[in-house]
Amino acid sequence: MCATSPDPSTARAQAAVQLDPTDKPGIVSSNSLLDERGQVIIEHRGKRYQLRETRNGKLILTS
């Protein structure tokens with residue numbers, strides 16, 4: 001019998017179902033993420049994204 005690794009999307013879906021519905025997402029201050037220029041590079045699944053603060057004080061995420 002050959003063992004196979006579980007499908008990551010299935011594992012995520014199962015994990016989501018097991019979460020307590022009263023759990024809330026963590027809160028992170030943008031000040032702790034952004035550098036002195038108001039930006040940070042985030043690497044996600046091998047791709048890099050730039051999170052930056054606009055002149056109007058909003059956040060924008062680009063790839």
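Here are three short exercises on this predicted model, each with a worked solution.

**Exercise 1. Elements along the chain**

Work out how many helices and strands the protein chain has, and in what order they run.

*Solution.* Start with the count: the protein chain has 2 helices and 3 strands. Next, walk from the N terminus, and the elements read α-α-β-β-β.

**Exercise 2. The sheet**

Describe the order and pairing of the strands, and explain why strand 1 and strand 3 each have one side without a neighbour in the sheet.

*Solution.* First, take the layout: the 3 strands form an open sheet in the order 1-2-3, paired antiparallel. Then look at the edges: strand 1 (39-44) and strand 3 (59-62) each have a single partner strand, so one side of each lacks a neighbour in the sheet. As for the geometry, neighbouring strands of this sheet are turned against each other by 20 degrees on average, direction ignored. Now zoom in on one pair: strand 2 (residues 47-53) and strand 3 run antiparallel and are joined by 4 bridges. To find a landmark in strand 3, go to L59, which stands opposite E53.

**Exercise 3. Burial, contacts and surface**

Find what share of the residues is buried, what share of the contacts joins residues at least 24 apart, and how much area the protein chain exposes.

*Solution.* Begin with burial, counting a residue as buried under 20% relative accessible area: of the 63 residues in the protein chain, 5% qualify. Move on to contacts between residues at least 6 apart in sequence: 8% of these join residues at least 24 apart. Finish with the surface: the protein chain exposes about 6,100 Å², and 53% of it comes from carbon and sulfur atoms.

Methods: Residues numbered from 1 in each chain as written. Predicted model: local features only at pLDDT ≥ 70, side-chain atom pairs only at ≥ 80, totals over all residues. Heavy atoms only, no water. Pairing = 2+ DSSP bridges. Axes fitted to C-alpha atoms, helices over the stretch in contact; angles between N-to-C directions. Buried < 20%, exposed > 50% of the residue type's maximum accessible area, 1.4 Å probe, protein only. Contact = heavy atoms within 4.5 Å. Areas by Shrake-Rupley, 256 points an atom, 1.4 Å probe, with all protein chains shown as cover.
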